[in-house]
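Q: I would like to go through this structure with you, step by step. May I begin with the packing of helices?

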Protein chains: 4
Amino acid sequence: MDFRSDNVTGACPEVMTALAAANAGSVSSYGDDDLTKGLTRRFQEIFETDRLVAFPVATGTAANSLALAQLTPPFGAVWCHANAHIEEDECGAPEFYTGGAKLVLLGGEHGRIDAADLAARLKAYPFGVEHHVQPGAVSLTQATESGTAYRPDDIAAIAEVCRKYRLGLHVDGARFANALAHLNCSAADLTWKAGVDVLSFGATKNGALAAEALVFFRPELATDFVYRRKRAGHLFSKMRFLSAQLDGYLDDGVWLRNARHANAMAARLAAGLAKLPGVSLAHPVEANEVFVTLPEAAIVALEAKGFRFHRWGGAGATTIRLVTAFNTEEKAVDAMVGAAGKVLA
Amino acid sequence: MDFRSDNVTGACPEVMTALAAANAGSVSSYGDDDLTKGLTRRFQEIFETDRLVAFPVATGTAANSLALAQLTPPFGAVWCHANAHIEEDECGAPEFYTGGAKLVLLGGEHGRIDAADLAARLKAYPFGVEHHVQPGAVSLTQATESGTAYRPDDIAAIAEVCRKYRLGLHVDGARFANALAHLNCSAADLTWKAGVDVLSFGATKNGALAAEALVFFRPELATDFVYRRKRAGHLFSKMRFLSAQLDGYLDDGVWLRNARHANAMAARLAAGLAKLPGVSLAHPVEANEVFVTLPEAAIVALEAKGFRFHRWGGAGATTIRLVTAFNTEEKAVDAMVGAAGKVLA
Amino acid sequence: MDFRSDNVTGACPEVMTALAAANAGSVSSYGDDDLTKGLTRRFQEIFETDRLVAFPVATGTAANSLALAQLTPPFGAVWCHANAHIEEDECGAPEFYTGGAKLVLLGGEHGRIDAADLAARLKAYPFGVEHHVQPGAVSLTQATESGTAYRPDDIAAIAEVCRKYRLGLHVDGARFANALAHLNCSAADLTWKAGVDVLSFGATKNGALAAEALVFFRPELATDFVYRRKRAGHLFSKMRFLSAQLDGYLDDGVWLRNARHANAMAARLAAGLAKLPGVSLAHPVEANEVFVTLPEAAIVALEAKGFRFHRWGGAGATTIRLVTAFNTEEKAVDAMVGAAGKVLA
Amino acid sequence: MDFRSDNVTGACPEVMTALAAANAGSVSSYGDDDLTKGLTRRFQEIFETDRLVAFPVATGTAANSLALAQLTPPFGAVWCHANAHIEEDECGAPEFYTGGAKLVLLGGEHGRIDAADLAARLKAYPFGVEHHVQPGAVSLTQATESGTAYRPDDIAAIAEVCRKYRLGLHVDGARFANALAHLNCSAADLTWKAGVDVLSFGATKNGALAAEALVFFRPELATDFVYRRKRAGHLFSKMRFLSAQLDGYLDDGVWLRNARHANAMAARLAAGLAKLPGVSLAHPVEANEVFVTLPEAAIVALEAKGFRFHRWGGAGATTIRLVTAFNTEEKAVDAMVGAAGKVLA
């Protein structure tokens, strides 16, 4: 019973099948293959717009950093939540790719930054003064690091601030599918219609082996992208294998089905745990992550029973994170809830 | 009949099988899985030494650039052949990863740099003078961009120069297996015993989907590697899928069998073509690449018949490169030779 | 009556004289002149140790960034106060020079970070985990951006934390002379004896035209410095002119005399203003800067009378910063106090 | 008798006077002073165009690197002569400032690149192909490292190639005044009228202490310049002292007078030496540098007599470089010629 992360999973069957199918034949390398060339069209359909270009990359860190490097000059700044993955978990990748831009940190409950807070900070910012890094982009995480989702109007409000100050709006969508499944809106509503410029469209956590797509909703922002990708070592020679994963992931709504399942398991887990005495949810459950606070003794007892999860907030914290995935079984969820009930009794 | 490159191939069956097998179960992410943890031991066996550490990455450009960044400071220089992949085909990746080091170019017949030439250049170099970038590493390509191989004593001579001037010695082994199969020596003889410090051990071109290993024969050179890999976006969350490819590739000598086959097909192709009137080999064939010069009309005629290959040396050149691979069929080779015979007749 | 900054001043007479004297004759360039070669010895005398090396540079930003680049790898982090000059006023220079390291911000009253706070943050830090930038250095400002000074034992406490976690300790001493003059201790006590590794020794604000020295108290930390300086364009061909400024600045205690005067003028200003109704000091005055909070109407009235100063804390703030310098006249201070008395009456 | 370089000199009297004059009073810092604000106008007069902006910096390396960073993306390339200062003598500064762009080297007699050669190279270049760095700029040195000058029509021919391929044209004018004085054309003819985009206008070697101007003839190319300068530590707080040097240098034609004198001394030196038996000029003398080849014994004998100069081409070479300056005395030249005559007799 492993709730550590959605990246402890393998790939879903549809992706594995697509990968195997892509293995046949002699095919042009470096993305000049049919699968890769068809990707932009596929994303255009899903996002209901002709105005996008999409590129496959293998990791979320690469997707995020390449996106930010397109939006922010070396002397620039990216505004993000203090707990953003790009700030806390990428070992300075955004700084590396941008050539030394700075991440400026915002607070915000449940992992979400707030448009009004952003607007106030930017209003006071010394734009155009050479002593200070110049804001280039805002980056959101969807779903957030706290397992919550930005609604379309949350994003639209932030996007309005971005437009006012001419900042690009990037979304780290490592769990975009989970947020979308939760909100039950269209992919278009949650992105370009709300003002998103670039999306790191995650697939790895939700069923792929190692595949993400970088989706530019304003193609002019992608002008230099291919050079940056290449010199970062992220242009794959046998690109078909990246594209095939995305293909299998997008076919027949696999991606949303996977996400809905993971979300349902998280909701079931949250509902079960929240009823128990001494347990409280640290954040609303709006995707596939459950953050619960419970007594230290209960955490230790659950670990001893073989349940696997991470503590959140560092050593000694009594909040744990439980992550469900496309392949989480109901019985695993119920076992966790049952065990928690026993140790808390 | 596609001789454009060995990267137009898919993956070999053994690698696909290993990949599928790795898909089972819940596994620690980011390389803390058994397959990845076992990689160093596997490479120690193959290279017959306990003194190495190995790390999987997905592309050759990433492997090369990460290696060079470990060996060379930002104010440093890497000495390499003027036709090296790191110079010509990586869009400045070494410069990006090192933080702006310079590649210094050497000549050399058939893609090989010469130890005496290197020694002469370094003897005259202003070491320790702050106006000039400081030599940090030498990088060889094995097999070379001209399809030739450095023999162990070629490498040993170069390594001796490196040691004298305290430079690291890197080998870009995108086609290391092909060189090794050709030379019929041990992997140890061709690397650390000859003085190689770091090897980009290629697998992608020879049967993997997207997998290389960075092998440090002096583990102390790898100290910072994991941070550099992570911030470059090359730490895969589901690392098992990279490691599984390498595992399948190394099992039961698949890698050498694949390479031997590709080499044999190249030799057959070269032998067949060299006999034809008006055809000459531009370089010795010591791996899986054949460079032949032939009349312009013959090139055009072969293209018209559907044979695929690249011209070498730019538009208008009459040298073509033919690359064979682990899955090149004898009948394809014979068809090419046959067709060439006809168009030249 | 200009209290905007100590950099609105020209140079002090002793520095101008030294500069003119240095103009004679033909002299080796790039620092191979007697003035430059003598600098390390001069600093060794002032800091009472043979264990230092000193290099002239022209700006504080260059000094700070070069120091941090010596202490911190590209995947590293520098811990500093949230209001540090390196964070707020250098347009990302530390990120540029280090190749993308991150500044991690600490709070702390009156511009000073606190050793216990630093220790707590570092104790919880995931050292050695590749997902996170690795702490490389702590940087203090002396005197601080709030015009306060770290005492030797403040620094020693911070240095102890640095040693525990193997971090370098850098001091941005743009106003080091002012802090030292205030504390009335030895330069040694305030630096290497307390555990400082590298000092940006400022001269520009306190009487030079454009000259700082980078002083390494552990010479082994300076190994690569000359290459970094050169490639940043900070190796001056006619280096004698930088060194001459430092020479004139250090001769006969000019630097401390200048600083004592500036401090005395700040103290006089603070004492005079603090007595006035509706005026409060925002920070203790421990160098040559006075931060006072006073009614908006009074600020406007003083500006209208031609007094020049900056508001602190952004537009609309009612705290102003008044900076005195080596050449501030007593009558200017008294005029300011007198005028403030009138507008507040 | 020191002919090692024009940077062994101090500053000329007019510059020292201007510097002293600039020391008076309280003046806005960071370039918001009258001297600095007037610089662009001064350069507009000298270059006879309203279409330029000029910025002072302290070193030639900073000027060159900042210019190239404005013209070339990190994945870009700068084409220059193999002996260019930016390639050989700046310790990788262009790579540092551009974020890792590559210098591509061209040959060319007497230090000059050739428009036809450049055109041929660019015609064959794989523009738009992501595997390769993308040409961003061409950089010339004026006068060249061989002491020769590009004539306006040489530059115009190169500029035409640049325009065709949309490359920026930069001129490293460390000795621009010397080239201009030699050619006896207008500053406009030698720059923007011939197609130059950005000029590093040198003053240090020809009479300043440490001052250059970066002159953008297409102001839109300077958009981000101020941020790059600041984060490189090249924004001086007491900027008036940089600007004053340039002011004194430009006043009353001091700069051209200085250059004409230096050139005349070089011409006299060349004429005197060329007549001697066993002496030959390695390059035409078109500025203030004389490259002469003479017997080893003569070189040793001249060194023994106390004449100072550098060998050119490394240890053992028998070509020496003699550089004259604004303050070289006729009698020094004659002494050198006389001594050479004796040792060669």
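Q: Are α1(C) and α10(C) oblique or roughly parallel to each other?
A: Please note that this is a predicted model. The two axes cross at roughly 140°, and an angle has to be over 145 degrees to count as roughly antiparallel. α1(C) and α10(C) are therefore oblique to each other.

Q: Within what distance do the axes of α1(C) and α10(C) come?
A: The axis of α1(C), residues 13-21, and that of α10(C), residues 240-250, come within 8 Å.

Q: Is the crossing of α1(C) and α10(C) left-handed or right-handed?
A: The crossing of these two helices is right-handed.

Q: Which residues of α1(C) and α10(C) meet there?
A: From α1(C) there are E14(C), V15(C), A18(C) and L19(C). They meet F241(C), A244(C), Q245(C), G248(C) and Y249(C) of α10(C). By character, the residues of this contact are six nonpolar, two polar and one charged.

Q: Now another topic: how many aromatic pairs are there over all chains?
A: The count over all chains comes to 78 aromatic pairs. One example is Y125(A) with F127(A), an edge-to-face pair whose ring centres are 5.7 Å apart and whose planes stand at 75°.

Q: Why does that pair count as edge-to-face?
A: Planes over 60 degrees apart count as edge-to-face, and the angle here is 75°, so the pair belongs to that class.

Q: Are Y125(A) and F127(A) buried or exposed?
A: Y125(A) counts as buried at 18% relative accessibility, because the limit is under 20%. F127(A) has a relative accessible area of 31% and is partly exposed.

Q: What about the rings of Y249(A) and W255(A)?
A: Their centres are 6.5 Å apart and their planes lie at 45°, so this pair is tilted. Y249(A) is buried, at 0% relative accessible area, and W255(A) is buried too, at 4%.

Q: Into which cluster do ring pairs link Y249(A) and W255(A)?
A: Ring pairs join them with F43(A), F47(A), F176(A), F201(A) and F217(A) in a cluster.

Q: F176(A) also appears in α9(A). Why is α9(A) said to be largely enclosed by the rest of the structure?
A: α9(A) covers residues 176-183, and six of its eight residues are buried, so the helix is largely enclosed. The buried ones are F176(A), A177(A), N178(A), A179(A), L180(A) and A181(A).

Q: What do the buried residues of α9(A) pack against?
A: They pack against the strands β5 (168-173) and β6 (198-202), and against the helices α11 (240-250) and α12 (254-274), of chain A.

Q: And what follows α9(A)?
A: N184(A) follows, and its phi is positive, near 60°.

Q: Let us turn to L39(A). Where is it found, and which residues does it touch?
A: L39(A) is found in α3 of chain A, residues 39-46, and is buried with a relative accessible area of 0%. Not counting residues up to four places away in sequence, L39(A) touches P56(A), S243(A) and L246(A).

Q: Finally, is E95(B) buried or exposed?
A: E95(B), in α5 of chain B, residues 93-98, counts as buried at 2% relative accessibility.

Q: With which residues is E95(B) in contact?
A: Leaving aside neighbours within four places in sequence, E95(B) is in contact with R231(A), with G100(B), A101(B) and L103(B), and with G100(D), A101(D) and K102(D).

Definitions and conventions. Residues are numbered from 1 along each chain as its sequence is written. Chains are lettered from A and ligands numbered from 1 in the order in which they are written. This is a predicted model: local features need pLDDT of at least 70, side-chain atom pairs count only at pLDDT 80 or more; totals for chains, interfaces and linings use all residues. Side-chain values use heavy atoms; hydrogens and water are left out. Rings of Phe, Tyr and Trp (its six-membered ring) pair if their centres lie within 6.5 Å; planes under 30 degrees apart count as stacked, over 60 as edge-to-face and the rest as tilted. Buried means under 20% relative accessible area, exposed over 50%, partly exposed in between (1.4 Å probe, protein chains only). Axes are lines fitted to C-alpha atoms, for helices over the stretch in contact, and angles run from 0 to 180 degrees between N-to-C directions. Helices (H or I, at least four residues) and strands (E, at least two) are DSSP runs, numbered from the N terminus. Angles under 35 degrees count as roughly parallel, over 145 as roughly antiparallel, 65 to 115 as roughly perpendicular and the rest as oblique. A crossing is left-handed if the near helix is turned anticlockwise from the far one by less than a right angle, and right-handed if clockwise. Contact means heavy atoms within 4.5 Å. Ala, Val, Leu, Ile, Met, Phe, Trp, Tyr, Cys and Pro count as nonpolar, Asp, Glu, Lys and Arg as charged, and the others, Gly among them, as polar.
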